[in-house]
Amino acid sequence: MSEKKLRRLPLAAAAMVACMSAQADYQSPDGNFRLSGFGTLGAVKTTTNDAIYGYPGQGGGATKHGSLDPDSKIAVQGTYKFAPTVSATSQVMTKYDADGQYIPNINWAFAKWQAMPGLSFRAGRMGAPLFMISDFRDVGYANTFVRPPLDVYGQVPISQFEGLDAAYQFNAGEATITSTFWTGDSKSDYASSLARAPSQVILKRSVGLNVLAELSNGWSLRVGRSQGKMTVKSELADQLAAGAQGATLAGGYAAFIAGAGNGAFAGIGGPAAVAAAQASRAQMAQVASLLNVEGVKATFTGIGLAYDQDNWVGSLEFTKRKTDSYVSDTTGWYSMVGYRVDRFTPYIGLSKIKSDRRSSNPLSASALRSSAVVTNSGGSSSPLYAGAVALDTGVNNVYGGINAVLGTQKQDERTVTVGVRWDATSSLAVKAQFDRVTKPADSQGMFLIADPTTASSAAFMNNKRSVNVMNLSVDFVF
Amino acid sequence: MKTKFTLHTLVAAGLLTLAQAASAQVAVIVNPKSPLATMTPEQVAAIFMGKSATLPSGQTAVPADLPESSSARDQFYSKAAGKSPSQVKATWARLTFSGKAMPPKEVPTAADVKKHVAANVDAIGYIEKSAVDSTVKVVLTVE
């Protein structure tokens, strides 16, 4: 199917479903098979062209030119009960992905066994319960806001895993406690610029525990923790690591150190240049270990509080991401509150993400003065000149490339959200939402930078900016 | 696929408003052989809102819902659970699409609810109180 066609697909599907209106929820006469679905048709527009707004990882999104891409999606789910205690569920969703395409993806495909009334086991591909609204975050209809706050939900590109889980539910006084233990592997594509193919984030041997306490007075409390072995496959990082370890740079260092150290340069900075080149070579040796993220420990911890009773609805989540790699450690939180007035729910929200730890570039730009030294000693006529210039260029390329990789990890920002949800029918909600995203200097926020080498991208990165995001969406279930 | 298209949403909504104006008592019913004598609105709501899969007796509940167009349904969810039709739908959208639970089986009429309840000792349903007969046992009345 052509890209054009794929781009139109969700639009056509969403329009069709919206026209059908109300419920098309199908249940077989014996009640054992159920087919239902959900979708969103959402438009987003921002006040900048210097960066792209969308879900982190998506290969595109909204600028001053509005876009339907970030939020629009359609999903169908079928569940079949083979026996009163055994069922199978599959969900297929089409949503704008890291490649900037609408390719249907199997979100879930699992079998469930209700071993006892309070104990169930699942196996297959399932939603990873990393957040409070993890496995229904895409169901716009089920949430008050247009999209889960990206300052929190954008921290982890993974939303599903393949493996096993066990859930145990019991009552403790007024509370219903559900604790879920899960384990498995997951992977996801992640676009960090439009200039290159998306990276791949892989989590292996993840284990997690999620505990939810629901009280009958409308409150619920959720605590979750997971950890796994993370691998990041990034074209840019791989090239840089290979270059840093490559024969070209090694040969360049060796030739310069030998040439500049031979005594002829003693009075014009040769020994200092040799020392600088040796330091640079030592720094270069650390590049590969910085950029090769393979099987490192990654953890995600979150606590959440939600209220939904009578006319008030509210939620609060506090989360922490930690990795033993250049992927930064972050803290993300949000809070929101809404009040139902008949079919309208106006709401406000606040959210923030900040880096707790960022890796720094092991190379220093000033470490190498090879071409300067050669220039001092007679410029381009020196036999060392061509090699020195090539060496400087090589080092600078790696230095700049590392900055580009580390730049994607500078995601600090805060968001103020105001919106209203209108329950137009019992299966369709219309939402209008305004976000004001403010990112500090030296951060790209949760935005996608099309090409970090452009001047407008650099200006966006280097300065404090506030961007307004206007959203209008129609969420439905069918 | 047999799908329902409610093309006359406006008309239906109008009728619904009229029906709600003339709201009656709704009885929560179980099988006469069920060990349950009474239930609290919280216990019933937990089952119909997908919070709990079990009856207070410890058995897995087998609930039946009336259709969305039914006024007894709106009355039931509003009084027993304090939820509007949209809130009920949103709650079930969460549970359904996260693959955690399936909504109660939907049957067309009060007679079908009674038939469902009479056939299964762990069944639970709700109907207008005026429709209650000896084939079922009332454990809670909401109004």
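These notebook entries record what I looked up in a predicted model with chains A and B.

**Entry 1. Strands E2 to E6 of chain A**

I began with strand E2 (33-46) and strand E3 (73-83) of chain A. I found that 8 bridges join E2(A) to E3(A) and that the two strands run antiparallel. As a reference point I noted A:Leu35, whose bridge partner in E3(A) is A:Gly78.

I then followed E3(A) into E4(A), which covers residues 86-96. E3(A) and E4(A) pair in the antiparallel sense over 10 bridges, and a hairpin joins them through 2 residues. In this pairing I located A:Lys73 opposite A:Lys95 of E4(A).

Next I looked up E5(A), residues 102-116. E4(A) and E5(A) are antiparallel, with 11 bridges between them. Within this pair, A:Thr89 has A:Phe110 of E5(A) as its bridge partner. The two strands form a hairpin with 5 residues between them. I checked the turn and noted that A:Gly100 has a positive phi of about 70°.

The last pairing I followed was that of E5(A) with E6(A), residues 119-127. It is antiparallel and has 7 bridges. A:Ala111 is matched with A:Ala123 in E6(A). Here I recorded a hairpin with 2 residues between the strands.

**Entry 2. A:Phe447 and A:Ile52**

Where is A:Phe447 found? I placed it in the loop between strand E16 (428-439) and helix H8 (455-462) of chain A. Is A:Phe447 buried or exposed? I counted it as buried because 27 other C-beta atoms lie within 10 Å, and the cut-off for a buried residue is 20 or more. Leaving aside residues up to four places away in sequence, I listed its contacts as A:Ala51, A:Ile52 and A:Tyr53. I also looked up A:Thr408, which is 39 residues from A:Phe447 in sequence and 9.3 Å from it in space, C-alpha to C-alpha.

I turned to A:Ile52, one of those contacts. A:Ile52 is in the loop between E2(A) and E3(A), the strands with which I began Entry 1. A:Ile52 counts as buried because it has 23 C-beta neighbours inside 10 Å. With residues up to four places away in sequence again left out, A:Ile52 touches A:Gly60, A:Gly61, A:Ala62 and A:Thr63, as well as A:Phe447, A:Leu448 and A:Ala450. I also noted A:Ala247, 195 residues from A:Ile52 along the chain; their C-alpha atoms are separated by 38 Å.

**Entry 3. Helix H5 of chain A**

H5(A) comprises residues 270-291, 22 residues in total. I found a span of 32 Å from its first C-alpha to its last, close to the 32 Å expected at 1.5 Å a residue. I then looked up its buried residues, which include A:Gly270, A:Ala273, A:Val274, A:Ala276 and A:Ala277. A:Ser280 and A:Arg281 are also among them, as are A:Met284, A:Val287, A:Leu290 and A:Leu291.

**Entry 4. The contact of chain B with chain A**

How many residues does the contact take from each chain? I recorded 31 residues from chain B and 36 residues from chain A. On the chain B side, helix H2 (41-48), helix H4 (85-97) and strand E3 (105-106) each supply at least two residues. The largest share comes from H4(B), with 8 residues. By class, I noted 9 nonpolar, 13 polar and 9 charged residues on the side of chain B that touches chain A.

Note on methods:
Residues numbered from 1 in each chain as written. Chains lettered and ligands numbered in written order. Predicted model: local features only at pLDDT ≥ 70, side-chain atom pairs only at ≥ 80, totals over all residues. Contact = placed C-beta atoms within 7 Å. Helix = DSSP H or I, 4+ residues; strand = E, 2+ residues; numbered from the N terminus. Nonpolar A, V, L, I, M, F, W, Y, C, P; charged D, E, K, R; others polar. Pairing = 2+ DSSP bridges. Expected span 1.5 Å × (residues − 1). Buried ≥ 20, exposed ≤ 12 C-beta atoms within 10 Å, placed from the backbone.
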